[in-house]
Amino acid sequence: MSHHELDARRMLCPMPVIKTQNQVLKLTAGDTLDVTCTDPGALNDIPAWCRINGHEYIGHREQDDEIIISVRVGDGD
Amino acid sequence: MTNPTPKQRKAVSLISGGLDSMLATQAMLDQGIHVEGINFYTGFCVEGHTHAIRKKDKAKPKRNNALWVAETLGIKLHIIDVIDEYKDVVINPKHGYGSNLNPCLDCKCFMVRKAHEWLQENDFDFIITGEVIGQRPMSQRRDTMPVIQRESGAEDRLLRPLCAKFLPETLPEREGWVDRDRLYDFTGRGRKPQIALAAKMGIDDFAQPAGGCCFLTDAAYSNKLSDLWSARGDREYEIDDIMLLKVGRHLRPRPHFKIIVGREEGENRFLEGYRKQFTHLYTTSHPGPLVLLDGTADADDLQLAAQLAARFSQGKAADSVRVELHEKGAEMRILDVKPLTNDEIPVGWYL
Ligand code: SF4
(Lines give C-alpha, C1' and ligand atoms only; values in the text may rest on other atoms or scores of the structure.)
Protein backbone atom coordinates (compact mmCIF):
# COMPACT_ATOMS: atom_id res chain seq x y z
CA MET A 1 0.00 0.00 0.00
CA SER A 2 1.41 3.34 -0.97
CA HIS A 3 0.43 6.97 -1.08
CA HIS A 4 0.38 9.05 -4.25
CA GLU A 5 -0.31 12.62 -5.26
CA LEU A 6 -1.82 14.10 -8.38
CA ASP A 7 -1.76 17.71 -9.53
CA ALA A 8 -5.03 18.61 -11.27
CA ARG A 9 -4.83 22.34 -10.61
CA ARG A 10 -6.18 24.71 -13.25
CA MET A 11 -7.95 21.83 -14.95
CA LEU A 12 -11.66 22.08 -15.52
CA CYS A 13 -14.00 19.17 -15.08
CA PRO A 14 -14.03 16.53 -16.30
CA MET A 15 -10.21 16.64 -16.66
CA PRO A 16 -9.53 16.13 -12.91
CA VAL A 17 -11.76 13.04 -13.03
CA ILE A 18 -10.03 11.70 -16.14
CA LYS A 19 -6.59 12.25 -14.56
CA THR A 20 -7.75 10.57 -11.35
CA GLN A 21 -9.18 7.64 -13.30
CA ASN A 22 -6.01 7.17 -15.33
CA GLN A 23 -3.80 7.38 -12.24
CA VAL A 24 -5.98 4.95 -10.25
CA LEU A 25 -5.70 2.43 -13.09
CA LYS A 26 -1.96 2.25 -12.37
CA LEU A 27 -2.39 1.77 -8.60
CA THR A 28 -3.37 -1.25 -6.55
CA ALA A 29 -6.22 -1.79 -4.10
CA GLY A 30 -5.58 -0.04 -0.79
CA ASP A 31 -3.32 2.66 -2.24
CA THR A 32 -4.31 6.23 -1.49
CA LEU A 33 -4.26 9.20 -3.82
CA ASP A 34 -4.50 12.92 -3.03
CA VAL A 35 -5.76 14.97 -5.95
CA THR A 36 -5.18 18.74 -5.80
CA CYS A 37 -7.80 20.65 -7.78
CA THR A 38 -8.92 24.22 -8.32
CA ASP A 39 -12.25 23.50 -10.03
CA PRO A 40 -14.82 23.03 -7.24
CA GLY A 41 -16.80 20.80 -9.63
CA ALA A 42 -14.27 18.08 -8.81
CA LEU A 43 -15.79 17.96 -5.36
CA ASN A 44 -18.94 16.47 -6.90
CA ASP A 45 -17.36 14.56 -9.72
CA ILE A 46 -14.48 12.70 -8.06
CA PRO A 47 -16.62 11.25 -5.22
CA ALA A 48 -19.31 10.27 -7.80
CA TRP A 49 -16.67 8.63 -9.96
CA CYS A 50 -15.40 6.72 -6.88
CA ARG A 51 -18.88 5.48 -5.95
CA ILE A 52 -19.54 4.30 -9.51
CA ASN A 53 -16.25 2.53 -10.00
CA GLY A 54 -15.78 0.86 -6.63
CA HIS A 55 -13.26 3.22 -5.02
CA GLU A 56 -13.53 5.12 -1.76
CA TYR A 57 -13.70 8.88 -1.38
CA ILE A 58 -12.01 9.45 1.96
CA GLY A 59 -12.62 13.20 2.28
CA HIS A 60 -11.27 16.55 1.25
CA ARG A 61 -9.61 19.62 2.69
CA GLU A 62 -9.36 23.14 1.37
CA GLN A 63 -6.24 25.22 1.36
CA ASP A 64 -6.36 28.74 -0.09
CA ASP A 65 -8.10 28.29 -3.41
CA GLU A 66 -7.09 24.65 -3.71
CA ILE A 67 -9.08 21.56 -2.85
CA ILE A 68 -7.31 18.34 -1.97
CA ILE A 69 -9.46 15.28 -2.49
CA SER A 70 -8.38 11.95 -1.00
CA VAL A 71 -9.27 8.66 -2.57
CA ARG A 72 -8.57 5.05 -1.57
CA VAL A 73 -8.28 2.63 -4.46
CA GLY A 74 -10.75 -0.26 -4.31
CA ASP A 75 -10.63 -3.56 -6.11
CA GLY A 76 -12.76 -2.16 -8.91
CA ASP A 77 -15.96 -4.09 -8.16
CA MET B 1 -26.23 -33.32 -18.82
CA THR B 2 -27.29 -29.79 -18.02
CA ASN B 3 -26.85 -26.91 -20.42
CA PRO B 4 -24.00 -24.62 -19.47
CA THR B 5 -25.28 -21.23 -18.26
CA PRO B 6 -25.21 -18.88 -21.23
CA LYS B 7 -22.35 -16.41 -21.11
CA GLN B 8 -23.42 -13.00 -19.88
CA ARG B 9 -23.07 -10.60 -22.75
CA LYS B 10 -21.44 -7.23 -22.27
CA ALA B 11 -22.29 -3.96 -23.94
CA VAL B 12 -20.53 -0.62 -23.84
CA SER B 13 -22.94 2.32 -23.95
CA LEU B 14 -22.11 5.79 -25.24
CA ILE B 15 -23.27 7.99 -22.38
CA SER B 16 -23.79 11.63 -23.21
CA GLY B 17 -25.60 12.53 -20.03
CA GLY B 18 -28.93 13.05 -21.81
CA LEU B 19 -32.12 11.05 -21.58
CA ASP B 20 -31.80 8.97 -24.76
CA SER B 21 -28.57 7.21 -23.89
CA MET B 22 -29.95 6.69 -20.41
CA LEU B 23 -33.05 4.92 -21.78
CA ALA B 24 -31.06 2.83 -24.25
CA THR B 25 -28.82 1.67 -21.41
CA GLN B 26 -31.70 0.85 -19.09
CA ALA B 27 -33.36 -1.13 -21.90
CA MET B 28 -30.25 -3.32 -22.11
CA LEU B 29 -29.95 -3.69 -18.34
CA ASP B 30 -33.58 -4.84 -18.34
CA GLN B 31 -32.60 -7.59 -20.77
CA GLY B 32 -29.88 -8.86 -18.43
CA ILE B 33 -26.95 -7.39 -20.36
CA HIS B 34 -23.91 -6.21 -18.40
CA VAL B 35 -23.48 -2.59 -19.44
CA GLU B 36 -20.64 -0.16 -18.82
CA GLY B 37 -20.70 3.43 -19.97
CA ILE B 38 -18.16 5.33 -22.01
CA ASN B 39 -17.99 9.09 -22.35
CA PHE B 40 -15.62 11.03 -24.57
CA TYR B 41 -14.17 14.37 -23.59
CA THR B 42 -13.44 16.38 -26.72
CA GLY B 43 -12.72 19.75 -25.09
CA PHE B 44 -15.91 21.18 -26.58
CA CYS B 45 -18.31 19.41 -24.23
CA VAL B 46 -20.76 21.67 -22.47
CA GLU B 47 -20.26 19.82 -19.17
CA GLY B 48 -19.07 21.86 -16.25
CA HIS B 49 -16.73 24.40 -17.73
CA THR B 50 -18.29 27.80 -17.86
CA HIS B 51 -20.25 26.85 -14.79
CA ALA B 52 -17.00 26.18 -13.00
CA ILE B 53 -15.61 29.49 -14.20
CA ARG B 54 -18.42 31.96 -13.70
CA LYS B 55 -18.93 32.91 -10.14
CA LYS B 56 -22.68 33.32 -10.33
CA ASP B 57 -23.01 29.69 -11.36
CA LYS B 58 -20.97 28.46 -8.44
CA ALA B 59 -23.80 28.69 -5.94
CA LYS B 60 -25.42 25.69 -7.56
CA PRO B 61 -22.49 23.48 -8.57
CA LYS B 62 -23.32 21.65 -11.72
CA ARG B 63 -23.23 17.90 -11.70
CA ASN B 64 -21.49 16.03 -14.46
CA ASN B 65 -24.48 14.50 -16.21
CA ALA B 66 -22.65 11.48 -17.59
CA LEU B 67 -21.42 10.53 -14.11
CA TRP B 68 -24.86 11.17 -12.69
CA VAL B 69 -26.53 8.95 -15.31
CA ALA B 70 -24.05 6.15 -14.63
CA GLU B 71 -24.64 6.38 -10.92
CA THR B 72 -28.41 6.45 -11.31
CA LEU B 73 -28.32 3.37 -13.52
CA GLY B 74 -25.72 1.62 -11.36
CA ILE B 75 -23.15 1.16 -14.13
CA LYS B 76 -19.46 1.95 -14.37
CA LEU B 77 -18.38 4.90 -16.48
CA HIS B 78 -15.13 5.32 -18.35
CA ILE B 79 -14.34 8.90 -19.35
CA ILE B 80 -11.84 9.10 -22.16
CA ASP B 81 -9.77 12.13 -23.08
CA VAL B 82 -9.87 12.38 -26.89
CA ILE B 83 -8.88 16.05 -27.14
CA ASP B 84 -5.95 15.48 -29.50
CA GLU B 85 -7.49 12.86 -31.75
CA TYR B 86 -10.69 14.84 -32.03
CA LYS B 87 -8.92 17.77 -33.70
CA ASP B 88 -8.96 16.00 -37.03
CA VAL B 89 -12.73 15.55 -36.74
CA VAL B 90 -13.28 19.27 -36.18
CA ILE B 91 -10.69 20.46 -38.69
CA ASN B 92 -11.34 18.06 -41.59
CA PRO B 93 -14.84 16.62 -41.33
CA LYS B 94 -15.39 14.36 -44.32
CA HIS B 95 -19.15 14.88 -44.11
CA GLY B 96 -18.96 18.62 -43.45
CA TYR B 97 -20.49 20.75 -40.76
CA GLY B 98 -24.01 21.23 -39.50
CA SER B 99 -25.52 24.68 -39.10
CA ASN B 100 -22.46 25.84 -37.14
CA LEU B 101 -19.01 24.26 -36.78
CA ASN B 102 -20.53 21.01 -35.52
CA PRO B 103 -19.23 18.03 -37.50
CA CYS B 104 -21.94 15.77 -36.05
CA LEU B 105 -21.79 12.85 -38.48
CA ASP B 106 -17.99 12.58 -38.39
CA CYS B 107 -18.15 13.01 -34.62
CA LYS B 108 -20.60 10.11 -34.25
CA CYS B 109 -18.44 7.89 -36.49
CA PHE B 110 -15.38 8.84 -34.45
CA MET B 111 -17.02 8.11 -31.10
CA VAL B 112 -18.44 4.78 -32.18
CA ARG B 113 -15.05 3.87 -33.63
CA LYS B 114 -13.36 4.71 -30.32
CA ALA B 115 -16.01 2.70 -28.46
CA HIS B 116 -15.37 -0.18 -30.84
CA GLU B 117 -11.64 -0.06 -30.10
CA TRP B 118 -12.44 -0.05 -26.39
CA LEU B 119 -14.78 -3.01 -26.89
CA GLN B 120 -12.03 -5.02 -28.53
CA GLU B 121 -9.49 -4.18 -25.84
CA ASN B 122 -11.90 -5.02 -23.04
CA ASP B 123 -13.56 -8.08 -24.53
CA PHE B 124 -17.08 -6.65 -24.73
CA ASP B 125 -19.67 -7.89 -27.23
CA PHE B 126 -21.50 -4.88 -28.63
CA ILE B 127 -22.02 -1.13 -28.53
CA ILE B 128 -25.23 0.73 -27.81
CA THR B 129 -26.18 4.34 -28.41
CA GLY B 130 -29.29 6.37 -27.66
CA GLU B 131 -29.66 7.42 -31.31
CA VAL B 132 -33.17 7.90 -32.67
CA ILE B 133 -33.88 8.14 -36.40
CA GLY B 134 -34.84 11.68 -37.38
CA GLN B 135 -33.86 13.17 -34.05
CA ARG B 136 -30.96 15.25 -35.33
CA PRO B 137 -30.92 16.68 -38.85
CA MET B 138 -27.30 15.82 -39.54
CA SER B 139 -26.25 12.71 -37.72
CA GLN B 140 -29.41 10.86 -36.83
CA ARG B 141 -31.15 10.15 -40.12
CA ARG B 142 -32.16 6.86 -41.63
CA ASP B 143 -29.46 7.15 -44.29
CA THR B 144 -26.71 8.09 -41.83
CA MET B 145 -27.28 5.13 -39.52
CA PRO B 146 -25.47 2.66 -41.82
CA VAL B 147 -22.73 5.24 -42.50
CA ILE B 148 -21.88 5.30 -38.80
CA GLN B 149 -21.87 1.50 -38.64
CA ARG B 150 -19.59 1.24 -41.62
CA GLU B 151 -17.16 4.08 -41.01
CA SER B 152 -16.72 3.29 -37.33
CA GLY B 153 -15.89 -0.32 -38.12
CA ALA B 154 -18.48 -1.44 -35.56
CA GLU B 155 -20.77 -2.81 -38.31
CA ASP B 156 -23.50 -4.97 -36.81
CA ARG B 157 -22.08 -4.81 -33.32
CA LEU B 158 -23.74 -1.41 -33.06
CA LEU B 159 -27.25 -1.55 -31.65
CA ARG B 160 -29.60 1.41 -31.22
CA PRO B 161 -32.23 0.08 -28.82
CA LEU B 162 -34.55 3.10 -29.18
CA CYS B 163 -35.07 2.77 -32.94
CA ALA B 164 -33.86 -0.79 -33.59
CA LYS B 165 -37.21 -1.90 -34.97
CA PHE B 166 -36.72 0.36 -37.98
CA LEU B 167 -33.22 -0.91 -38.64
CA PRO B 168 -31.86 -4.22 -39.93
CA GLU B 169 -31.17 -6.87 -37.31
CA THR B 170 -27.82 -6.55 -35.60
CA LEU B 171 -25.54 -9.25 -34.23
CA PRO B 172 -26.87 -9.12 -30.63
CA GLU B 173 -30.41 -9.57 -31.95
CA ARG B 174 -29.50 -12.37 -34.38
CA GLU B 175 -27.57 -14.24 -31.73
CA GLY B 176 -30.46 -13.93 -29.29
CA TRP B 177 -28.40 -11.97 -26.73
CA VAL B 178 -31.07 -9.28 -27.01
CA ASP B 179 -34.78 -9.77 -27.69
CA ARG B 180 -35.70 -7.58 -30.67
CA ASP B 181 -39.35 -7.58 -29.58
CA ARG B 182 -38.36 -5.68 -26.50
CA LEU B 183 -36.59 -2.93 -28.45
CA TYR B 184 -38.23 0.29 -29.62
CA ASP B 185 -39.44 2.13 -32.70
CA PHE B 186 -38.94 5.77 -31.83
CA THR B 187 -38.52 8.29 -34.66
CA GLY B 188 -38.48 12.03 -35.11
CA ARG B 189 -37.80 14.96 -32.92
CA GLY B 190 -40.76 14.51 -30.57
CA ARG B 191 -39.82 13.64 -27.02
CA LYS B 192 -43.12 12.10 -25.90
CA PRO B 193 -42.20 8.41 -26.36
CA GLN B 194 -38.95 8.97 -24.48
CA ILE B 195 -40.68 10.75 -21.61
CA ALA B 196 -43.28 7.97 -21.44
CA LEU B 197 -40.60 5.27 -21.46
CA ALA B 198 -38.67 7.12 -18.76
CA ALA B 199 -41.78 7.13 -16.58
CA LYS B 200 -42.28 3.43 -17.21
CA MET B 201 -38.68 2.73 -16.25
CA GLY B 202 -39.04 4.83 -13.10
CA ILE B 203 -36.62 7.49 -14.33
CA ASP B 204 -38.00 10.83 -13.18
CA ASP B 205 -34.92 13.06 -13.18
CA PHE B 206 -32.88 13.64 -16.30
CA ALA B 207 -31.02 16.36 -18.17
CA GLN B 208 -32.75 17.98 -21.11
CA PRO B 209 -29.96 19.16 -23.36
CA ALA B 210 -31.07 21.93 -25.68
CA GLY B 211 -29.71 21.58 -29.20
CA GLY B 212 -26.48 19.67 -29.22
CA CYS B 213 -24.15 18.21 -26.68
CA CYS B 214 -21.25 20.52 -27.38
CA PHE B 215 -20.20 24.13 -27.91
CA LEU B 216 -19.69 23.53 -31.64
CA THR B 217 -23.46 23.75 -32.15
CA ASP B 218 -23.41 27.23 -30.64
CA ALA B 219 -23.35 30.03 -33.25
CA ALA B 220 -21.44 32.53 -31.08
CA TYR B 221 -18.83 29.94 -30.14
CA SER B 222 -18.42 28.82 -33.77
CA ASN B 223 -17.95 32.43 -34.87
CA LYS B 224 -15.11 32.83 -32.39
CA LEU B 225 -13.50 29.61 -33.58
CA SER B 226 -13.69 30.64 -37.27
CA ASP B 227 -12.26 34.02 -36.32
CA LEU B 228 -9.36 32.29 -34.59
CA TRP B 229 -8.70 30.14 -37.63
CA SER B 230 -8.84 32.98 -40.12
CA ALA B 231 -6.67 35.26 -37.96
CA ARG B 232 -4.00 32.59 -37.66
CA GLY B 233 -4.24 31.49 -41.26
CA ASP B 234 -4.64 27.83 -40.36
CA ARG B 235 -7.29 25.64 -38.85
CA GLU B 236 -5.34 24.31 -35.89
CA TYR B 237 -6.15 24.77 -32.22
CA GLU B 238 -4.78 23.88 -28.82
CA ILE B 239 -6.89 23.01 -25.81
CA ASP B 240 -6.13 26.42 -24.25
CA ASP B 241 -7.50 28.16 -27.35
CA ILE B 242 -10.81 26.38 -27.20
CA MET B 243 -11.14 26.84 -23.45
CA LEU B 244 -10.51 30.57 -23.80
CA LEU B 245 -13.23 30.83 -26.45
CA LYS B 246 -15.69 29.89 -23.71
CA VAL B 247 -14.62 32.69 -21.41
CA GLY B 248 -14.95 36.46 -21.44
CA ARG B 249 -15.74 39.07 -24.05
CA HIS B 250 -13.69 38.72 -27.23
CA LEU B 251 -12.95 41.75 -29.39
CA ARG B 252 -10.78 41.88 -32.48
CA PRO B 253 -9.84 45.52 -33.13
CA ARG B 254 -7.15 44.60 -35.67
CA PRO B 255 -6.68 41.50 -37.84
CA HIS B 256 -3.45 40.59 -36.05
CA PHE B 257 -4.66 40.70 -32.46
CA LYS B 258 -7.71 40.24 -30.29
CA ILE B 259 -8.38 40.89 -26.63
CA ILE B 260 -10.20 38.74 -24.11
CA VAL B 261 -11.86 40.69 -21.31
CA GLY B 262 -13.01 38.97 -18.12
CA ARG B 263 -16.67 39.72 -17.43
CA GLU B 264 -16.68 38.97 -13.74
CA GLU B 265 -14.52 37.82 -10.88
CA GLY B 266 -14.65 34.11 -11.69
CA GLU B 267 -13.63 34.73 -15.30
CA ASN B 268 -10.85 37.09 -14.22
CA ARG B 269 -9.50 34.42 -11.89
CA PHE B 270 -9.64 31.85 -14.66
CA LEU B 271 -7.88 34.20 -17.10
CA GLU B 272 -5.18 34.87 -14.52
CA GLY B 273 -3.98 31.33 -15.09
CA TYR B 274 -3.02 32.39 -18.63
CA ARG B 275 -1.05 35.52 -17.68
CA LYS B 276 2.33 33.93 -18.33
CA GLN B 277 1.36 32.88 -21.85
CA PHE B 278 -0.14 36.18 -22.97
CA THR B 279 0.54 39.88 -23.00
CA HIS B 280 -1.97 41.17 -20.47
CA LEU B 281 -3.24 44.41 -19.01
CA TYR B 282 -5.30 45.66 -16.13
CA THR B 283 -6.29 49.02 -14.74
CA THR B 284 -4.78 50.15 -11.45
CA SER B 285 -6.41 53.55 -10.93
CA HIS B 286 -9.88 51.97 -11.07
CA PRO B 287 -11.15 48.44 -10.50
CA GLY B 288 -11.35 46.58 -13.78
CA PRO B 289 -11.08 43.26 -15.53
CA LEU B 290 -8.03 41.33 -16.58
CA VAL B 291 -7.45 41.66 -20.33
CA LEU B 292 -5.43 39.13 -22.33
CA LEU B 293 -4.03 40.04 -25.72
CA ASP B 294 -3.80 37.23 -28.26
CA GLY B 295 -1.70 37.89 -31.37
CA THR B 296 0.97 40.46 -32.16
CA ALA B 297 0.75 44.10 -31.22
CA ASP B 298 2.94 47.16 -31.92
CA ALA B 299 3.05 50.30 -29.77
CA ASP B 300 -0.17 51.74 -31.28
CA ASP B 301 -1.96 48.43 -30.82
CA LEU B 302 -0.89 48.25 -27.17
CA GLN B 303 -2.15 51.79 -26.64
CA LEU B 304 -5.48 50.78 -28.16
CA ALA B 305 -5.65 47.64 -26.00
CA ALA B 306 -5.01 49.79 -22.91
CA GLN B 307 -7.82 52.17 -23.93
CA LEU B 308 -10.11 49.17 -24.30
CA ALA B 309 -9.07 47.81 -20.90
CA ALA B 310 -9.91 51.25 -19.51
CA ARG B 311 -13.29 51.22 -21.25
CA PHE B 312 -14.24 47.97 -19.49
CA SER B 313 -13.07 49.24 -16.10
CA GLN B 314 -14.99 51.30 -13.60
CA GLY B 315 -13.05 54.29 -14.85
CA LYS B 316 -14.76 54.25 -18.25
CA ALA B 317 -16.10 57.78 -17.70
CA ALA B 318 -12.81 59.16 -16.34
CA ASP B 319 -10.49 61.41 -18.34
CA SER B 320 -7.52 59.23 -17.68
CA VAL B 321 -7.10 55.67 -16.45
CA ARG B 322 -3.82 54.09 -15.39
CA VAL B 323 -3.13 50.70 -16.95
CA GLU B 324 -0.40 48.19 -16.16
CA LEU B 325 0.87 46.56 -19.30
CA HIS B 326 2.68 43.24 -18.99
CA GLU B 327 4.02 42.58 -22.42
CA LYS B 328 5.21 39.04 -22.99
CA GLY B 329 8.98 38.96 -22.63
CA ALA B 330 9.24 42.65 -21.65
CA GLU B 331 9.33 44.78 -18.52
CA MET B 332 6.04 45.94 -17.03
CA ARG B 333 5.01 49.39 -18.20
CA ILE B 334 2.50 51.94 -16.97
CA LEU B 335 0.24 53.67 -19.49
CA ASP B 336 -2.12 56.54 -18.69
CA VAL B 337 -4.87 56.44 -21.28
CA LYS B 338 -8.24 57.90 -22.12
CA PRO B 339 -10.88 55.16 -22.17
CA LEU B 340 -12.51 54.54 -25.54
CA THR B 341 -16.15 55.51 -25.63
CA ASN B 342 -18.85 53.12 -26.80
CA ASP B 343 -19.12 55.04 -30.05
CA GLU B 344 -15.44 54.50 -30.72
CA ILE B 345 -15.82 50.72 -30.54
CA PRO B 346 -17.32 49.42 -33.80
CA VAL B 347 -19.83 46.61 -33.29
CA GLY B 348 -17.78 44.54 -35.70
CA TRP B 349 -14.96 44.32 -33.16
CA TYR B 350 -17.09 42.14 -30.91
CA LEU B 351 -16.77 38.45 -31.78
S1 SF4 C 1 -23.27 18.15 -31.04
FE2 SF4 C 1 -21.03 18.06 -30.82
S3 SF4 C 1 -20.65 16.21 -29.57
FE4 SF4 C 1 -22.77 16.07 -30.33
S5 SF4 C 1 -22.59 14.87 -32.23
FE6 SF4 C 1 -22.48 17.04 -32.83
S7 SF4 C 1 -20.31 17.52 -32.88
FE8 SF4 C 1 -20.52 15.61 -31.71
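Colleague: Which residues are buried in helix H6 of chain B?

Modeller: In H6(B), which covers residues 145-152, they are B:Met145, B:Val147, B:Ile148, B:Gln149 and B:Ser152. Buried means under 20% relative accessible area, exposed means over 50%, and partly exposed lies in between (1.4 Å probe, protein chains only). One thing to know early on: this is a predicted model, where local features need pLDDT of at least 70, side-chain atom pairs count only at pLDDT 80 or more, and totals for chains, interfaces and linings use all residues. Residues are numbered from 1 along each chain as its sequence is written, chains are lettered from A and ligands numbered from 1 in the order in which they are written, and side-chain values use heavy atoms, with hydrogens and water left out.

Colleague: Why is H6 called a helix?

Modeller: The name comes from DSSP: a helix is a run of H or I with at least four residues, a strand is a run of E with at least two, and both are numbered from the N terminus. The buried residues of H6(B) pack against H5 and against strand E5 (158-159) of chain B. Just past H6(B), B:Gly153 has a positive phi of about 85°.

Colleague: How do you know that B:Asp125 counts as buried?

Modeller: Its relative accessibility is 6%. That falls under the 20% limit, so B:Asp125 goes in the buried class. You'll find B:Asp125 in the loop of chain B between helix H5 (104-122) and strand E4 (126-128).

Colleague: What makes the pairing of B:Asp125 and B:Arg9 a polar contact?

Modeller: Their side chains come to 3.1 Å. A polar contact is a pair of N or O atoms within 3.5 Å; within protein, one must be able to donate a hydrogen and the other to accept it, and residues adjacent in sequence count only if both atoms are side-chain atoms. At 3.1 Å, this pair meets the distance limit.

Colleague: What else is B:Asp125 in contact with?

Modeller: Contact just means heavy atoms within 4.5 Å. Neighbours within four places in sequence aside, the partners of B:Asp125 include B:Lys7, B:Leu119, B:Arg157 and B:Trp177.

Colleague: In that loop between H5 and E4, why is B:Asp123 called exposed?

Modeller: B:Asp123 has a relative accessible area of 53%, and that is over the 50% limit, so exposed is the right word. B:Asp123 also has a positive phi, near 60°, and is not a glycine.

Colleague: And what makes B:Ile127 buried?

Modeller: Its relative accessible area is 0%, which is under 20%, so B:Ile127 is buried. B:Ile127 is in strand E4 of chain B. Leaving out neighbours within four places in sequence, its contacts include B:Val12, B:Leu14, B:Val112, B:His116 and B:Leu159. B:Glu36 is 91 residues away from B:Ile127 in sequence and 9.9 Å away in space, C-alpha to C-alpha.

Colleague: Over in chain A, why is A:Arg10 called partly exposed?

Modeller: A:Arg10 comes out at 45%, between 20% and 50%, so it is partly exposed. A:Arg10 sits in the loop between E1 and H1, and has a positive phi of about 65° without being a glycine. A:Pro14 is in the loop between strand E1 (3-8) and helix H1 (15-25), and a cis peptide bond, omega about 10°, joins A:Cys13 to A:Pro14.

Colleague: How do you know how compact chain A is?

Modeller: Along the sequence, chain A reads β-α-β-α-β-β. Its radius of gyration is 11 Å, close to the 11 Å from the globule rule for 77 residues, so chain A is as compact as a globular protein of that length. That radius is taken over C-alpha atoms, and the rule is 2.2 Å times the number of residues to the power 0.38. In chain A, 55% of the 77 residues are buried.

Colleague: What does chain B look like overall?

Modeller: Chain B has twelve helices and eleven strands. Its C-alpha trace spans about 95 × 40 × 35 Å along the principal axes, and 54% of its 351 residues count as buried.

Colleague: Last one: which residues are closest to the ligand?

Modeller: B:Cys104, B:Cys107, B:Cys213, B:Cys214 and B:Thr217 are the closest of the eight that surround the ligand; near means a heavy atom within 4 Å. By class, this shell has six nonpolar, two polar and no charged residues. Ala, Val, Leu, Ile, Met, Phe, Trp, Tyr, Cys and Pro count as nonpolar, Asp, Glu, Lys and Arg as charged, and the others, Gly among them, as polar.
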